[in-house]
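Hi everyone, thanks for making time. I'd like to walk you through one model today, so please have the viewer open.

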Amino acid sequence: MSQHLRQYDYKSSSAPVDKDVLCIVIDFDANQCYLRRDSELFTKVVSYLIVLANAHLLQRTANNVAILGYSSRSVNYIYPEESYGTVFFDDSQMEQFATVEHLTKLRLSELMFEEMKEIQGESNARYNRQSSSSLLSGTISMALTYVNRCRREASKSMQINARILVVSGSMESRVFSTNRHMSVFPVAAKMGVAVDVCALEVDTSYMLRQAAEITSGFYFGTSDFDALGMNLLCLFLMPPQGRHHLNYPKQPPTDLRAICSCHNKFIEIGFACSSCLSIFCKYTPVCTTCDTVFKPPHKLQLYIDRKSADQARRHLARAKRMEQMEHMI
């Protein structure tokens, strides 16, 4: 499955690259494990990501960076953001570096303040029961749109490579939300955009592991926040085209099987909804996720037609018998 979906062979790609586009996707949901334990860790994570973004811009003058944030309530552009006007900087810092740092910290602080304000209005019981079904698929779609715009605005002779880095500490989403997220990853693979994942204090993530596997990205999980900055620079600063030259950690085997929406079990063969891509291990006439009515399989349709024909014949025979009885009376 993963070999069939991969469109780009990064090891055999020898074309010179003129521009690298890095899209950093930050999960600022307050329901993340490490945020609930220590909210100050989010400031450290953001600072390390700013260092990574500036290091990427420093590699080549034509490089681009986009930073997006998402939670279970909203999806927002962090950088670039033109509505905040001019950013003042001192002479010891490059102008673009100061803009990235200022806008990222300012926008994320505003979004986190709004997030905490909304949470305070909810009851603790409801907040604890709330699943981390965040808007990851919409955020990756926005990142792919930004990549597509960069490629469209560039000249035809320019070679542009793009990748997405997802930094999240949320627990696994519900099954139907996971299946909905999975529809965007083959699109990224077809566009040649690798999806890298940095999972923070998450033991395992079925969805994000598959995202990295399908798009030829790299999955890394850690709970050591003191070494997070070094790990981000060592693992995610290098684009996928040059990673085969380095000694990267071996990735654990990824289970590419789907999870059925009805029993929450891994399956190899099943029925998929054509509307929301939810997967079922057995045939159901109506999708339980989006209420789409399915067309029954061919053999089942023949059985239904045969039953309908038999019922029509019985009804016709009963009507004839009633008519004969009326004539006899």
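I'll start with the overall picture and the confidence, then turn to a helix pair and a single residue.

First, some housekeeping: this is a predicted model, where local features need pLDDT of at least 70 and side-chain atom pairs count only at pLDDT 80 or more, while totals for chains, interfaces and linings use all residues. Residues are numbered from 1 along each chain as its sequence is written, and side-chain values use heavy atoms, with hydrogens and water left out.

The chain has eleven helices and ten strands, which are DSSP runs numbered from the N terminus (H or I, at least four residues, for helices; E, at least two, for strands). Of its 329 residues, 44% count as buried, meaning under 20% relative accessible area with a 1.4 Å probe, protein chains only. Take contacts, that is, heavy atoms within 4.5 Å: among those between residues at least 6 apart in sequence, 68% join residues at least 24 apart.

Now, confidence. The mean pLDDT (the predictor's confidence in each residue, from 0 to 100) is 81 for the chain, and 81% of residues reach 70 or more. Where is confidence lowest, and where highest? The low end is helix 1, residues 2-5, with a mean of 43, and the high end is helix 10, at 95. Over residues 1-7 pLDDT is below 50, and this stretch has eleven contacts in the model beyond near neighbours in sequence.

So let's look at helix 10. In this helix, residues 228-236, the buried residues are Leu228, Gly229, Asn231, Leu232, Leu235 and Phe236. Why are they on the same side of helix 10? Because they cover an arc of only 165° around the axis, taking directions from the helix axis to the C-beta atoms. Their cover includes helix 3 (41-59), strand 4 (160-168), strand 5 (194-200) and strand 6 (219-222).

Helix 3 packs against helix 10 at an angle of about 30°, with the axes 9 Å apart. That makes the two roughly parallel, the word for angles under 35 degrees. The axes are lines fitted to C-alpha atoms over the stretch in contact, and angles run from 0 to 180 degrees between N-to-C directions. On the helix 3 side, the residues that meet helix 10 include Tyr48, Leu52 and Ala55, and their partners in helix 10 include Leu232 and Phe236.

Finally, Thr104, in helix 4 (residues 95-120). Is Thr104 buried or exposed? Thr104 counts as buried, because its relative accessibility is 1%. Leaving out residues up to four places away in sequence, Thr104 touches Val46, Ile50, Ile67, Ile78 and Tyr79.

Notes:
Buried < 20%, exposed > 50% of the residue type's maximum accessible area, 1.4 Å probe, protein only. Parallel < 35°, antiparallel > 145°, perpendicular 65-115°, else oblique.
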